[in-house]
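Work through the exercises below with the model open beside you. Each task is followed by a stepwise solution.

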Amino acid sequence: WLFSALVFAGVAEQPGATEGGANGIQEAWQQFSVIKTDAEFRKFVLVRSALLGSALMAPYLVALAQNDAGSALTVLGSLLMAGSLASFVSGATWGSLADSSSARCMTIAGSLAALSGFSAIVLVSLELANMVVFALCVFALYLAHAGVRVGRKTHLVDMATEDNRSTLVAVSNTLIGIMLLLFAGVGAVVSQFHAFAGLGFFSALALAGALMATGLEQVQQKSD
């Protein structure tokens with residue numbers, strides 16, 4: 001981190017345009033009515049909220065691996081390698097798919113996230129899990145989460161126009177921040193009931209998001 005800070009400190013940055021800027025939170029509240037008037041945007045926010053499961057299940061999957069696979073350092077090293085590899089290949093995996101259909105990208109990515117979580121639960125229950133299994137599940141989850149991020153960013157950009165883009169981004173980010181806190185709290189409560197409950201909840205949430213994404217408008221075809 002210190003080395004990165006030094007590198008960035010040496011980057012010559014050109015001043016950008018600042019006129020016309022707005023406070024994101026204030027803009028969101030002022031334009032909040034768009035969630036009522038724009039049905040397609042409302043569906044997108046619901047899908048994006050459900051797909052938060054792909055981001056929130058990671059700690060539960062790692063905790064399950066640590067509890068089941070033994071040495072914490074071995075588990076951590078293996079999962080870090082799996083996550084890094086997933087990040088490395090994610091761009092080539094999702095980029096072209098999102099450009100052709102961001103809705104399909106979110107559907108596939110959300111399904112993959114759910115599959116990784118449910119697979120870990122089933123294999124641990126059957127006592128078939130080991131470090132390789134957990135590494136594969138983490139790889140699939142991080143790959144899926146990258147797909148969710150690419151898909152939802154592409155979808156919002158292609159859905160919006162020059163006139164409403166800032167409004168949609170501000171409202172969407174504000175609502176997702178609220179849902180993130182809500183789901184994180186629910187996950188913490190649910191996880192108290194069973195070792196698999198938190199992971200199962202967020203896997204189901206990701207699957208719900210994937211299914212709902214099938215109903216989104218094909219905005220890439222519309223823009224063409």
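**Exercise 1. Place Gly187 in the predicted model and describe its surroundings.**

Step 1. Find the element. Gly187 sits in helix 10.

Step 2. Classify the exposure. The relative accessibility of Gly187 is 0%. The cut-off for buried is under 20%, so Gly187 counts as buried.

Step 3. List the partners. With residues up to four places away in sequence set aside, Gly187 touches Tyr60, Phe201 and Phe202.

Step 4. Check a C-alpha distance. Gly187 and Leu199 are 12 residues apart along the chain, and their C-alpha atoms are separated by 8.3 Å.

**Exercise 2. Compare the spans of helix 10 and helix 11 with the spans expected at 1.5 Å a residue.**

Step 1. Take helix 10. It has 26 residues. From first C-alpha to last it reaches 36 Å, close to the expected 38 Å.

Step 2. Take helix 11. It has 17 residues. Its end-to-end C-alpha reach is 24 Å, close to the expected 24 Å.

Step 3. Pick out buried positions. In helix 10 they include Thr167, Leu168, Phe183 and Gly187. In helix 11, Ala197, Gly198, Leu199, Phe202 and Ala213 are among them.

**Exercise 3. Which residues have the most contacts inside the largest nonpolar core, and which helices supply it?**

Step 1. Start with the core itself. It has 31 residues. Met57, Leu61, Leu64, Phe134 and Leu199 have the most contacts inside it.

Step 2. Assign the helices. Helix 6 (58–69), helix 7 (72–100), helix 8 (102–125), helix 9 (131–159), helix 10 (165–190) and helix 11 (197–213) each supply at least two residues of this core.

Step 3. Find the largest share. Helix 9 gives eight residues, the largest share of this core.

Step 4. Look for another core. A second, separate one has 27 residues, including Val47, Leu143, Ala213 and Val219.

Step 5. Put this in context. In soluble globular proteins, nonpolar side chains tend to be buried together.

Step 6. Zoom in on Leu199. Beyond its neighbours within four places in sequence, Leu199 is in contact with Met57, Tyr60, Leu61, Leu64, Gly117, Ala120 and Ile121.

**Exercise 4. Characterise two serines of helix 8, Ser102 and Ser116.**

Step 1. Place them. Ser102 is found in helix 8. Ser116 lies in helix 8 too.

Step 2. Classify them. Ser102 has 0% relative accessibility and is buried. Ser116 is buried at 4%.

Step 3. Check the side chain of Ser102. It makes a polar contact with the side chain of His155, at 2.7 Å.

Step 4. List contacts, leaving aside neighbours within four places in sequence. Ser102 is in contact with Leu97, Gly151, Thr154, His155, Val219 and Gln220. The partners of Ser116 are Met57, Cys137, Ala140 and Leu141.

**Exercise 5. Is Thr93 buried, partly exposed or exposed, and what does its side chain reach?**

Step 1. Locate it. Thr93 is found in helix 7.

Step 2. Apply the cut-offs. Partly exposed lies between 20% and 50%. Thr93 is at 36% relative accessibility, so it counts as partly exposed.

Step 3. Follow the side chain. It reaches the backbone oxygen of Val89 at 2.6 Å.

Step 4. Check a C-alpha pair. Thr93 and Ala144 lie 51 residues apart along the chain, with their C-alpha atoms separated by 9.9 Å.

**Exercise 6. How many salt bridges does a search of the whole structure find, and which side chains meet?**

Step 1. Count. The search finds one.

Step 2. Name the pair. The side chains of Lys43 and Glu40 meet at 3.3 Å, N to O.

Step 3. Place the pair. Both residues lie in helix 4 (residues 39–50). They are three residues apart, about one turn of the helix.

Step 4. Contrast the exposure. Lys43 is partly exposed, with a relative accessible area of 35%. Glu40 is buried, at 14%.

**Exercise 7. Summarise the whole chain by secondary structure, burial, contacts and surface.**

Step 1. Count the elements. The chain has 12 helices and zero strands.

Step 2. State the burial. Of the 224 residues, 41% are buried.

Step 3. Sort the contacts. Among those with a separation of 6 or more, 84% join residues 24 or more positions apart.

Step 4. Split the surface. The accessible surface is about 12400 Å², and 65% of it belongs to carbon and sulfur atoms.

Notes
Residues are numbered from 1 along each chain as its sequence is written. This is a predicted model: local features need pLDDT of at least 70, side-chain atom pairs count only at pLDDT 80 or more; totals for chains, interfaces and linings use all residues. Side-chain values use heavy atoms; hydrogens and water are left out. A nonpolar core is a set of buried Ala, Val, Leu, Ile, Met, Phe, Trp, Tyr and Cys residues joined through side-chain atoms within 4.5 Å. Buried means under 20% relative accessible area, exposed over 50%, partly exposed in between (1.4 Å probe, protein chains only). Helices (H or I, at least four residues) and strands (E, at least two) are DSSP runs, numbered from the N terminus. Contact means heavy atoms within 4.5 Å. The expected span of a helix is 1.5 Å times one less than its number of residues. A salt bridge is a side-chain nitrogen of Lys or Arg within 4 Å of a carboxyl oxygen of Asp or Glu. A polar contact is a pair of N or O atoms within 3.5 Å; within protein, one must be able to donate a hydrogen and the other to accept it, and residues adjacent in sequence count only if both atoms are side-chain atoms. Accessible areas come from the Shrake-Rupley method with a 1.4 Å probe; for residues, only the protein chains shown count as cover.
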